[in-house]
Amino acid sequence: MRCSYRLALLASVLIGAPSVPWAGTELRAGIETRYFPNRSGIQPSGDFQSSGTLWVLQERAATDGGIGWSFELFARKDQQDNQRTHADIRQGLLKVQISDSVQVSAGFGREFWGVTESFHLVNIINQIDAVEDLDAEDLLGQPMLKLQTRWPGVTWALYALPGFRERPMHARGARLSGELALSRQRPGYESGAEDKHIDWASRVMTQIGSIDAGLSYFQGTSREPRPLFEDEREVTPFYDQIRQVSLDAQLTEGRWLLKLEALRRWGHGQAFSAWIAGLEVTSYNILGTGADLGWVVEYLHDQRNPFDAPPTPFDDDLFLGLRWQANDVSDSSLLVGLFHDQSNGERFLRLEGQRRMADRFTVALEASLPLETQENTPFHSIRNDGFVSLTATLNLGWHR
Amino acid sequence: MKIAPILLCFVATLSHADLAERGRAVAAAADRSDLGFRTSRVTVRMEIADRRGRTRARELELRTLERESDQVGDKTLIIFRAPADISRTALLSHAALLDDDQQWLYLPRMGRVKRISGANKSGAFVGTEFSFEDLTAQELNKYDYRWLRAETQQQPVTDVVERIPRYKRSAYTKQTVWFARSHGQPLRIDFFGRNGAEHKRLHFEDYRAYDGIWRAHRMHMTNLRTGKTTTLHFGDYDFALDYTPRDFQRAILDAM
């Protein structure tokens with residue numbers, strides 16, 4: 001109680017103005033345990049891997065003519081993988097609302113572009129925190145200067161992205177390292193400026209009736225590294241300079257959602273296209289329980305040349321997903337998804353569930369299970385690293 | 001007197017139209033009293049109780065932009081504040097009168113904005129006994145009306161009006177609304193489900209007028225089938241805020 005009073009006092013001193021914008025602080029502390037049933041490399045079968053996380057956010061909304069900010073810090077300590085032990089500034093952003101329609105922000109930020117569920121194809125701004133999880137939904141903070149203008153029905157944003165974040169990799173011999181290890185050398189960059197290169201991006205978004213669509217452009221350092229093999233086990237990541245144009249769009253009609261993400265990329269050898277087309281339909285109040293069941297079908301296609309471009313497992317894949325939401329007071333939900341590669345038969349299962357157990361205490365269940373893999377594919381190297389994990393998190397928040 | 005039965009039919013029909021008009025007039029007075037509020041913001045605490053009385057709480061901020069014409073509904077932005085794990089999750093709604101609402105969900109973990117289907121207005125809103133249908137403003141043209149009776153024997157004196165949803169996908173076949181004669185606002189609504197049986201009951205309490213705009217500060221919903229209840233406690237309303245339509249566009253979620 002005393003802590004929140006002091007925090008509130010500090011907040012009110014910093015702000016002071018009579019028209020009070022929203023400000024809040026959140027803190028989360030979590031413990032995660034992963035269970036790996038299979039032996040992999042030096043890792044024994046039936047192996048537990050535990051880690052702890054700390055996350056804090058302090059935020060204040062930017063009102064007209066005012067300044068707002070978002071500070072978000074994250075840290076994980078992993079008992080087994082010393083590269084998974086890491087910390088990051090997820091956000092360190094100052095926002096100025098110059099007018100009703102123009103906002104400028106500067107610092108470490110996070111952008112999300114896209115509409116699909118299986119994979120976030122066009123989401124390019126932030127580097128993936130690849131040691132966190134396999135779903136590419138944890139993102140490293142990206143230094144940026146962003147200008148956003150809002151008009152009726154249309155938004156336009158321009159980004160200057162100075163500074164590049166390298167993709168993290170698991171420690172040598174650790175679970176999910178794919179028997180690979182980063183070589184001792186620095187990553188290679190096509191640009192002489194290396195990670196100091198200034199990248200640029202722009203995005204136009206519109207919403208007309210049932211359609212939400214975005215058109216985006218990016219030029220600069222690819223977030224996806226190409227692996228250069230020194231020898232069989234050591235790899236140096238190489239970051240090409242690329243240009244990318246992408247489209248993401250959704251049509252919403254009744255219970256049906258039609259989704260599309262498509263991109264064309266230049267810079268990894270030959271130019272290529274990739275796209276995901278999908279459908280989501282929700283059944284409400286199934287079996288009279290009040291819960292919703294969403295069916296997701298998405299097809300992923302990627303034309304890239306696997307020798308010139310960074311590897312992707314999703315080149316000709318069908319994704320089938322089921323999303324159950326209880327609509328209960330505990331916000332229980334479960335998402336199950338299966339990737340099935342139509343060319344090589346690879347199958348990969350993902351499961352994510354969560355539930356609030358008490359006011360400040362949530363529990364999450366997750367599973368990533370390669371069911372069937374083929375040689376020389378990204379999943380093959382982690383075929384024995386399928387796992388189930390349980391995470392318990394304490395969630396605290398204070399706000400005015 | 002063969003003409004009499006025909007006359008009787010004629011009179012009965014007139015009476016029916018009369019009741020419809022009178023019912024609509026009562027509802028229209030309530031609707032009219034709300035005109036011109038333009039913008040509002042209020043904090044809502046939701047107390048969800050199971051049949052044994054054990055409660056869980058949620059807290060949210062509700063911002064409203066009054067509709068531009070009587071062909072559409074209001075625009076609302078709900079920002080969840082508590083419990084902490086869903087804090088900053090937001091739901092933007094553009095209410096339509098008879099069609100599905102347009103809705104967007106902001107998920108703070110990834111900063112993702114998802115357009116979701118507005119077709120499920122009858123589902124429970126975040127585990128409470130209120131559905132989205134129950135929460136969205138009771139626009140006049142969404143219903144057909146029939147005045148039933150006046151209850152004058154006890155205080156407060158009320159007009160009891162039956163209303164039937166004209167919009168699609170409602171969970172209700174009809175509702176009975178008690179409008180207070182004193183301030184014209186609803187005091188109680190009984191909701192009747194598909195089979196005609198009473199499903200839920202809603203009581204409005206602690207009405208306060210903000211410059212002629214009436215707002216209830218306590219809404220208590222009981223699910224008569226399960227015995228579960230949800231009570232909404234409203235804080236002080238702020239009106240005359242400088243919100244514009246731009247603050248209720250999808251882009252406001254992208255900027256969060």
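Q: How many salt bridges does a search of the whole structure find over all chains?
A: Keep in mind that this is a predicted model. Side chains of opposite charge can pair when their charged atoms come close. Searching the whole structure, over all chains, the number of salt bridges comes to 67.

Q: How many residues apart in sequence are the parts that A:Asp133 and A:Arg350 tie together?
A: These two side chains meet in a salt bridge, at 3.5 Å from N to O. A:Asp133 sits in the loop between β5 (102–109) and β6 (142–151) of chain A, while A:Arg350 belongs to strand β20 (residues 347–358) of chain A, so the pair links parts whose separation in sequence is 217 residues.

Q: Is A:Arg350 buried or exposed?
A: Its partner A:Asp133 has 11% relative accessibility and counts as buried. The cut-off for buried is under 20% relative accessible area. A:Arg350 has a relative accessible area of 9%, so the word for A:Arg350 is buried.

Q: Which strand of chain B holds the residue that pairs with A:Asp331 across chains?
A: A:Asp331 has a salt bridge to B:Arg58, with the closest N and O atoms 3.1 Å apart. That pair crosses between chains: A:Asp331 is in the loop between β18 and β19 of chain A, and B:Arg58 is in strand β2 (residues 55–65) of chain B.

Q: What is the relative accessible area of B:Arg58?
A: On the chain A side of this salt bridge, A:Asp331 is partly exposed at 27%. B:Arg58, on the other hand, is buried, and its relative accessible area is 2%.

Q: Which residues do salt bridges that share partners join into one network?
A: We've already met two members, A:Asp133 and A:Arg350, which pair with each other. Shared partners put them in one network, and its full list reads A:Glu32, A:Arg34, A:Arg76, A:Asp78, A:Arg84, A:Glu132, A:Asp133, A:Asp135, A:Arg350, A:Glu352 and A:Glu366.

Q: Is phi of A:Asp331 positive or negative, and what is its value?
A: Most residues other than glycine have a negative phi. A:Asp331 is found in the loop between β18 (316–325) and β19 (333–341) of chain A. It isn't a glycine, yet its phi is positive, at about 50°.

Q: What is the phi of A:Leu176 near?
A: A:Leu176 is in the loop between β7 (154–162) and β8 (181–182) of chain A. With a relative accessible area of 11%, A:Leu176 is buried. It is a residue other than glycine with a positive phi, near 70°.

Q: Where is B:Pro83, and what is omega of the bond that joins it to B:Ala82?
A: Most peptide bonds are trans. B:Pro83 lies in the loop between β3 (72–82) and β4 of chain B. The peptide bond between B:Ala82 and B:Pro83 is cis, with omega about 0°.

Q: What is omega near for the bond from B:Gln155 to B:Pro156?
A: B:Pro156 is in a loop too, between β7 (143–151) and β8 (158–165) of chain B. Its peptide bond from B:Gln155 is cis, and omega is near -10°.

Q: Which elements give two or more residues to the nonpolar patch of chain A?
A: The patch on the surface is made of A:Val204, A:Leu215, A:Val245, A:Leu247, A:Leu260, A:Trp266 and A:Trp275, with about 520 Å² of accessible area together. The elements that supply two or more of its residues are β14 and β15 (256–267) of chain A.

Q: Which residue does the side chain of A:Gln241 meet in a polar contact?
A: A:Gln241 is in strand β14 (residues 241–253) of chain A. Among the residues it touches are A:His197, A:Gly220 and A:Trp266. Its side chain makes a polar contact, at 2.9 Å, with the side chain of A:Thr221.

Q: How far apart in space are B:His94 and B:Thr158, C-alpha to C-alpha?
A: B:His94 is in strand β4 (residues 90–96) of chain B, and it is buried at 12% relative accessible area. Its contacts include B:Trp104 and B:Phe248. B:Thr158 is 64 residues from B:His94 in sequence, and the distance in space is 32 Å.

Q: What radius of gyration does chain A have?
A: Chain A has one helix and 22 strands, and 51% of its 400 residues count as buried. A compact globule of 400 residues would have a radius of gyration near 21 Å, and chain A agrees with that, at 22 Å.

Key: Residues numbered from 1 in each chain as written. Chains lettered and ligands numbered in written order. Predicted model: local features only at pLDDT ≥ 70, side-chain atom pairs only at ≥ 80, totals over all residues. Heavy atoms only, no water. Helix = DSSP H or I, 4+ residues; strand = E, 2+ residues; numbered from the N terminus. Polar contact = N/O pair within 3.5 Å; in protein donor to acceptor, adjacent residues only side chain to side chain. Contact = heavy atoms within 4.5 Å. Buried < 20%, exposed > 50% of the residue type's maximum accessible area, 1.4 Å probe, protein only. Patch = residues over 30% accessible without salt bridge, like charges linked within 9 Å, V, L, I, M, F, W, Y side chains within 5 Å. Areas by Shrake-Rupley, 256 points an atom, 1.4 Å probe, with all protein chains shown as cover. Salt bridge = Lys/Arg side-chain N within 4 Å of Asp/Glu carboxyl O. Rg over C-alpha atoms; globule rule 2.2 N^0.38 Å. Lists of a residue's contacts leave out its neighbours within four places in sequence.
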